[in-house]
Amino acid sequence: MPDRPIDWPSPAPTSPPGWPGAPAGWHPPVAGWGPQHGQHPYPPGMFPAVPARPPAPSRPTYREPHPVRPGAVALGALATALWLLLTGLIGQDLRGYALSTLLCGALAWAVAILLARVGDRGVATGIALTMSAGWSITTVALATHWAATGDWPLW
């Protein structure tokens, strides 16, 4: 009798051909897995088809370092709307309103670019969206005046 027990390989699992999940051939268990390591060689179930495999290593999860949050977008939009209101009140006529909106828009976009680069991207998004809407409103006002009078107000 040998001084240690003989560790014979486990028999190949068999399943009837055509059954769902029937393997094309038997694959040996993965090294470091099986009865010699304290695990069962087959998964539990009525008809185990293949030897159990160790869980795959988890994939890395990549997360945005500065996520865009709805509250931050709303805060940036509200601050920019207030900024547009205050600078729009400076102009005495349509020309003054358009020029002050263009100037405050350039400053707001500079702040939005700076925030997107090193700060809160949600606030930068709110600033950019609201400033784009403000410029659109100014453009519509200029085009309406130009169409109605035939006079371009910025010359």
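1. A helix here is a DSSP run of H or I with at least four residues, counted from the N terminus. With that in hand, Leu86 falls in helix 1, which covers residues 70-88. Bear in mind throughout that this is a predicted model.

2. The overall layout is quick to describe. The protein chain has three helices and zero strands, so that reading along the sequence gives α-α-α. Of its 155 residues, 20% count as buried. For contacts between residues at least 6 apart in sequence, 58% link residues at least 24 apart. The chain exposes about 11600 Å², and 69% of that comes from carbon and sulfur atoms.

3. Back to Leu86, since the surface is worth a look there. Together with Leu82, Leu85 and Leu89, Leu86 makes a nonpolar surface patch of about 430 Å². If you want somewhere to start colouring the surface, these four leucines will do.

4. Next, helix 2, residues 94-118. It has 25 residues and spans 36 Å from first C-alpha to last, close to the 36 Å expected at 1.5 Å a residue. Its buried residues are Ala98, Ser100, Thr101, Cys104, Gly105, Ala108 and Ala112. Cover for them includes helix 1 and helix 3. A reminder for reading that list: an α-helix has 3.6 residues a turn, so residues three or four places apart point the same way.

5. Thr101 deserves its own point. Which residues does Thr101 touch, leaving out those up to four places away in sequence? They are Leu84, Met131, Gly134, Trp135 and Thr138. Thr101 has a relative accessible area of 1%, and it counts as buried because that is under the 20% cut-off.

6. Tyr97, also in helix 2, makes a handy contrast. Its relative accessible area is 24%, and because that lies between 20% and 50% it is classed as partly exposed. Beyond residues up to four places away in sequence, Tyr97 touches Gly88, Gly91, Ile137 and Thr138. Tyr97 and Thr87 are ten residues apart in sequence, with 7.9 Å between their C-alpha atoms.

7. Helix 3 runs over residues 121-149. It has 29 residues and reaches 42 Å between its end C-alphas, close to the 42 Å expected at 1.5 Å a residue. The buried residues here are Gly122, Val123, Ala124, Gly126, Ile127, Ala128, Thr130, Met131, Gly134, Thr138 and Leu142. What covers them includes helix 1 and helix 2.

8. Now the core. Which residues make up the largest nonpolar core? There are nine in all: Ala72, Leu84, Cys104, Ala108, Ala112, Val123, Ala124, Ile127 and Met131. Helix 1, helix 2 and helix 3 each put in at least two of them. Helix 3 gives the largest share, with four residues.

9. Last, Met131, a buried residue of helix 3 and a member of that core. Residues up to four places away in sequence aside, Met131 touches Thr80, Leu84, Thr101, Cys104, Gly105, Ala108 and Trp109. Among these partners, Leu84, Cys104 and Ala108 also belong to the largest nonpolar core. Thr101 is another of the partners, which ties this point back to point 5.

Methods: Residues are numbered from 1 along each chain as its sequence is written. This is a predicted model: local features need pLDDT of at least 70, side-chain atom pairs count only at pLDDT 80 or more; totals for chains, interfaces and linings use all residues. Side-chain values use heavy atoms; hydrogens and water are left out. Helices (H or I, at least four residues) and strands (E, at least two) are DSSP runs, numbered from the N terminus. Buried means under 20% relative accessible area, exposed over 50%, partly exposed in between (1.4 Å probe, protein chains only). Contact means heavy atoms within 4.5 Å. Patches are made of residues with over 30% relative accessible area and no salt bridge: like charges are joined within 9 Å, nonpolar side chains (Val, Leu, Ile, Met, Phe, Trp, Tyr) within 5 Å. Accessible areas come from the Shrake-Rupley method with a 1.4 Å probe; for residues, only the protein chains shown count as cover. A salt bridge is a side-chain nitrogen of Lys or Arg within 4 Å of a carboxyl oxygen of Asp or Glu. The expected span of a helix is 1.5 Å times one less than its number of residues. A nonpolar core is a set of buried Ala, Val, Leu, Ile, Met, Phe, Trp, Tyr and Cys residues joined through side-chain atoms within 4.5 Å.
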